[in-house]
Amino acid sequence: MKADSDVLLTLAVQFAIMSLLALGGANAVVPEMHRLTVEARGWMDDRQFADMFAISQVAPGPNVMIVTLIGFHVAGLAGALVATLAMCGPTAVLALYLGRTWDRFKHAPWRVAVQAGLVPISVGLVGASAIVLTRAADHNWIAAVITAATAAFAYWTKWNPLWLIGMAALVGLAGLV
Amino acid sequence: MSDTAAPPAPVPPIPSHADLFFAFFKITLSGFGGTLPWTRRMFVEEKRWMTAQEFNDVYALCQFLPGPNIVNLTTVFGSRMRGATGALAAWAGFLILPFCLMTVAALLYGRFGDIETVRRVLAGVAPAAAGLIIATAAKMAAPLFGRWGPAPAVFLATALAIGIMRWPLLWVLAVLAPTSIALAWWWRQ
């Protein structure tokens with residue numbers, strides 16, 4: 001029991017902090033989630049983390065729901081609930097507060113500078129997510145080819161990403177990866 | 001349903017708490033591949049709860065805020081319509097279905113994740129999901145490199161510190177955020 005409540009507390013605190021550091025959205029903190037769950041705590045391995053990210057991308061709903069998968073894996077239904085609330089609660093409260101005062105500072109020079117300064121950081125965090133996920137998912141050259149091909153098609157064409165995912169699933173099903 | 005007999009009504013009707021809850025519940029049902037377009041469609045075009053300008057304004061705020069943008073967007077919409085309790089109604093309506101779905105997915109993954117067929121499919125899908133995020137990062141980064149300024153260096157420093165060095169996010173941001181904001185401020189002068 002003691003261990004359980006310790007784990008729930010860790011989930012609550014760590015995800016609440018992450019939600020406030022998630023500049024630009026949930027994908028920005030994927031590397032931090034990996035650091036916490038795989039490297040620091042050993043709750044899961046690389047493969048499981050890559051699986052969960054993939055499931056959260058394919059399933060309907062916002063990408064942030066990867067925290068529900070992680071929470072459930074670590075501590076069952078209670079873990080799923082705690083992780084989701086911690087990730088989606090604190091920043092909603094902040095949004096509520098700033099939503100009321102936004103009109104007062106939306107044209108302020110400091111606000112513009114803060115945003116201009118944070119944009120390259122938030123993009124850099126998505127780049128970091130790409131690095132971490134590629135390392136976690138690609139364990140042989142066929143997987144690396146799938147990653148490269150998907151990235152190329154998603155970058156240069158307007159195909160629906162679900163088609164790309166579907167084709168990758170077929171390659172996997174054929175036992176090629 | 002509507003809980004106020006509104007005084008000489010403002011042109012767009014103000015949605016009730018139940019309206020907000022079910023509006024966002026419905027959005028998550030249709031939100032395959034991003035819920036933002038659906039949110040805009042329902043609020044601006046179908047129900048006319050907001051003008052296009054108001055929508056953009058709320059969107060700009062949510063780009064400024066940390067955390068899952070779309071959840072923040074939901075919260076701000078709810079609060080603009082019905083205050084804090086409206087925010088809660090919209091927030092709950094938006095999260096309840098994805099939460100249930102993901103819990104079921106987690107249950108299935110825990111039970112069947114090691115079956116050969118599932119293993120194979122995921123072994124193909126996980127690299128593809130990584131590829132999608134590479135493309136997203138590339139699309140977002142491209143405009144940064146189009147202009148002269150500190151942005152490309154900050155982008156590379158962040159990706160390196162977090163993606164390769166694997167330093168803790170809190171410390172990296174504590175150093176990089178003030179530096180980058182100061183550079184942006186100084187660059188504008």
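## A tour around helix α8 of chain A

Start on the outer side of α8(A): select L162(A) and W163(A), the exposed residues on the face turned away from its buried side. Keep in mind that this is a predicted model.

Now select the whole helix, residues 161-173 of chain A. Put a distance between its end C-alpha atoms: they are 18 Å apart. At 1.5 Å a residue, the 13 residues should span 18 Å, so the two values agree.

Which residues of α8(A) are buried? Pick P161(A), L164(A), A168(A), V171(A) and G172(A). Turn the view to look down the axis of α8(A): these buried residues fall within an arc of 100°, so they line one face of the helix. The general rule is that an α-helix has 3.6 residues a turn, so residues three or four places apart point the same way.

What do the buried residues pack against? Show α7 (141-156) of chain A, and add α5 (116-141) of chain B. The buried residues of α8(A) pack against both.

Step past the end of the helix. G175(A) follows α8(A), and its phi is positive, near 80°.

Next, colour chain A by pLDDT. The chain averages 93, and 98% of the residues score at least 70. Select helix α4 (residues 66-88) of chain A for the highest mean pLDDT among the elements of the chain, 97. Helix α5 (residues 90-105) of chain A has the lowest, 88.

Finish on chain B. Colour domain 1 (17-112) and domain 2 (133-188), as given by the domain assignment. Their C-alpha centres lie 28 Å apart.

How values were computed: Residues numbered from 1 in each chain as written. Chains lettered and ligands numbered in written order. Predicted model: local features only at pLDDT ≥ 70, side-chain atom pairs only at ≥ 80, totals over all residues. Helix = DSSP H or I, 4+ residues; strand = E, 2+ residues; numbered from the N terminus. Expected span 1.5 Å × (residues − 1). Buried ≥ 20, exposed ≤ 12 C-beta atoms within 10 Å, placed from the backbone. Arc of directions from axis to C-beta. Contact = placed C-beta atoms within 7 Å. pLDDT = per-residue confidence, 0-100. Domains from an automatic or database assignment.
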